[in-house]
Amino acid sequence: MSRRILVLGGGPAGVAAARTAARMGAQAVLIDSGRLGGVSTNSGVLPARVLAHTARLKRESGQLGVYGLRATEAELDWPAALRRLFNVVEALHVRKEIAEEARKLGVDVHENVGEIRFMSPTTIGFANGTTVEGDAAIVCVGGRSRSIPLPGAELAIFPNDIWRMKAMPRSIAIVGTGHTGCQIASILAHFGTEVHMIDLKARIMPQEDELLSVVMAKEFAARGIRIRSVIDSIDGLSTGMSGSTVLHYKEAGESRSIKTDAVLLCVGWIGNTDRIGLEELGVEIARSYIKVDKYLRTNVPKLYAAGDVTGQMMLVSGATHEGHVAAVNAVTNAETKKVAHTLVPTGSFTDPEYGAIGMRESQCCDAGIDYETSVIWCEDLTRAIIDDRTAGFCKMIADRRTHKVLGAHIVGERAVETVQLMATIMAGGLTVEQVADLELAFPTYSAIILMAARDLKYKLDPEYAALYQSGMAGSPPARRCPDLLRPSDAVAPARKSPRRAALASTPCLPASTS
Ligand SMILES: Cc1cc2nc3c(=O)[nH]c(=O)nc-3n(C[C@H](O)[C@H](O)[C@H](O)COP(=O)(O)OP(=O)(O)OC[C@H]3O[C@@H](n4cnc5c(N)ncnc54)[C@H](O)[C@@H]3O)c2cc1C
């Protein structure tokens, strides 16, 4: 008799778990309180990506003159843009037939069941009184936007509300300068919204490499986005004149406020661990996320968890991987597969795009690794010059001992795609010499990888390094941990273009490093 695996939540993690379980010959039961697809298809990734593309087209329509094309800038039709967004979501549901595909594999699918509750680790009760039982269960219920306990917090909106707004906000204050806040700021700025971003942190996207943060902040500023970093506190929200919302905060010891059409909170993502009976089962939960081991087991026997609800990756790729791993272990009822998350490309479809993989320079410093870096600016990339898309750079970090790539951080056109190539390179364990020898197509954006690898190849070559030292090979490479955040290090030493000069005066570097 095959094992029966209950999967709760039909986002990327749950669908992957149910499909893997069914493929392995188990009886998989997939239960979702709403529609399958999760945040990925229904309310997060897809809507953001659809609007990012519209924003991109709008921006490009305003730049046609650069390419010798006479046209006036396209005007945004907000209701039509939202109509397309929802049509794309529907089209994806129809095209991918998430539920049907799962059923074809033999998964027993229960959608739109409303509230559910764990009666035991392997028994789930539905609101209509029926129950389902299994041999093991996998919790894949995802998460939701975090709120903050502020006076007037109920006046704030969340990312999901953006695609429900009847009219595009003329102005917005975004609290939180992480990935989601930056994604929405970039979209709305291109639509013509006056965008303010505000954060207690010293730099935007603090989880990224310092250079990436600095360059993105500069590019955002050039697009009119106003960033206030290192503020003292967010103090509350209140209603202003004619339907506006006022955000109150303190900066440099002074009380200040911004009045906008909307205040958007992008201050984190919490696990949906409440209201399903996990506490009663004694499941260990930390900061709203289910605690799991490397086999994705919870502390309660027969109960696994995967995806955003574990608080580990918060990405579709990570959720899918975890769903698969949890299912393999649940079906085999053994320690068969460990969760990996070793090489996970990240990035976002902002303008300009950014992407990253592997270690940041500060992590290499902290780990005491002897490393070398190369920074190639898009201003020196043929394809970027052809397309007039010269914002950005590629920073590659390599281990001086093994010459293997430790990380790459990219800003610029198609950065997210380029970083995928880096993921393949790193997964293959290629050295910078092997990457430098690749014959990649020209002129392409991803060719920036070759330029960085070739630069690193010479920097890692002892003879060439000696030439660097003697000055015969040009200026020595800008370098090393304590100098990392100096603006001059973010600037290629040889030729200072206006963009590089602007970077040198960037205001978003921590004061201690200037
Ligand atoms: C605005 C935004 C943009 C994003 N952009 C990207 C991106 O570009 N790339 C990327 O990789 N990631 C992105 N993410 C993150 C990505 O959406 C998540 O990491 C991913 O969806 C997590 O998958 P999951 O299956 O763990 O959870 P979810 O996708 O959240 O799915 C959880 C499922 O569980 C169901 N559920 C919830 N509670 C219950 C319950 N009590 N009972 C039964 N079912 C329940 C829900 O209905 C849902 O279907 C973005 C997120 C947001 C918010």
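Biologist: How many helices and strands does the secondary structure of the chain come to?

Modeller: Bear in mind that this is a predicted model; in it, the secondary structure of the chain comes to 17 helices and 24 strands.

Biologist: What radius of gyration does the chain have, and what would a compact globule have with 514 residues?

Modeller: A compact globule with 514 residues would have a radius of gyration near 24 Å, and because the chain has 25 Å, the two agree. Taken along the principal axes, the box filled by the C-alpha atoms is roughly 75 × 60 × 50 Å.

Biologist: Turning to sheets, what is the order of the strands in the open sheet of 4 strands, and is the pairing parallel or antiparallel?

Modeller: A general idea helps before the case itself: in a regular strand the side chains alternate between the two faces of the sheet. Here the order is β11-β10-β9-β15, and the pairing is parallel. The edges are taken by β11 (226-228) and β15 (262-265), each of which has a single partner strand, so one side of each is left without a neighbour in the sheet. If direction is ignored, neighbouring strands of this sheet are turned by 20° against each other on average.

Biologist: Over how many bridges do β9 and β15 pair, and which residue of β15 is the bridge partner of I174?

Modeller: Strand β9, residues 171-175, pairs with β15 in the parallel sense over 4 bridges, and the bridge partner of I174 in β15 is L264. Helix α7 packs on this sheet, where it touches β9, β10 (194-198) and β15, and the direction of α7 makes about 165° with that of β10.

Biologist: At what angle do the axes of α3 and α7 cross, and is the crossing left-handed or right-handed?

Modeller: The axes of helix α3 (residues 45-61) and helix α7 (residues 179-191) come within 9 Å and cross at roughly 35°, and the crossing is left-handed. On the side of α3 the contact is made by A48, L51, A52, A55, K58 and R59, while α7 contributes Q183, S186, I187, H190 and F191. Divided by character, the residues of this contact are 6 nonpolar, 3 polar and 2 charged.

Biologist: Which strands make up the open sheet of 3 strands, and in what order?

Modeller: The order is β12-β13-β14, with antiparallel pairing. Both β12 and β14 (254-260) stand at the edges with a single partner strand each, so one side of each is left without a neighbour in the sheet. From one strand to the next, the twist averages 25°. Within this sheet, strand β12 (residues 233-239) and strand β13 (residues 245-251) pair over 6 bridges in the antiparallel sense, with S238 opposite V246 in β13.

Biologist: How many residues lie between β12 and β13 in their hairpin, and which residue in the turn has a positive phi?

Modeller: The general expectation is that most residues other than glycine have a negative phi, and that most peptide bonds are trans. In this hairpin 5 residues lie between β12 and β13, and S242 in the turn has a positive phi of about 40°. Another residue to inspect is R287, which is not a glycine and has a positive phi near 50°; R287 is placed in the loop between β17 (285-286) and β18 (289-290).

Biologist: Where are peptide bonds cis, taking first the one that ends at P352 and then the one that ends at P443?

Modeller: The bond from D351 to P352 is cis, with omega near -5°, and P352 is in the loop between β20 (346-348) and β21 (354-358). A cis peptide bond also joins F442 and P443, with omega about -5°, and P443 lies in the loop between α14 (432-436) and α15 (448-460).

Biologist: Finally, how many residues surround the ligand, and which are the closest?

Modeller: The ligand is surrounded by 33 residues, of which the closest are G9, G11, G38, G142 and G307. The elements that give two or more residues to this shell are α1 (12-23), α2 (38-43), α3 and α10 (316-332). By character, the residues of the shell around the ligand divide into 16 nonpolar, 15 polar and 2 charged.

Definitions and conventions
Residues numbered from 1 in each chain as written. Predicted model: local features only at pLDDT ≥ 70, side-chain atom pairs only at ≥ 80, totals over all residues. Axes fitted to C-alpha atoms, helices over the stretch in contact; angles between N-to-C directions. Left-handed = near helix turned anticlockwise from the far one by under 90°. Contact = placed C-beta atoms within 7 Å. Nonpolar A, V, L, I, M, F, W, Y, C, P; charged D, E, K, R; others polar. Pairing = 2+ DSSP bridges. Near = placed C-beta within 6 Å. Rg over C-alpha atoms; globule rule 2.2 N^0.38 Å.
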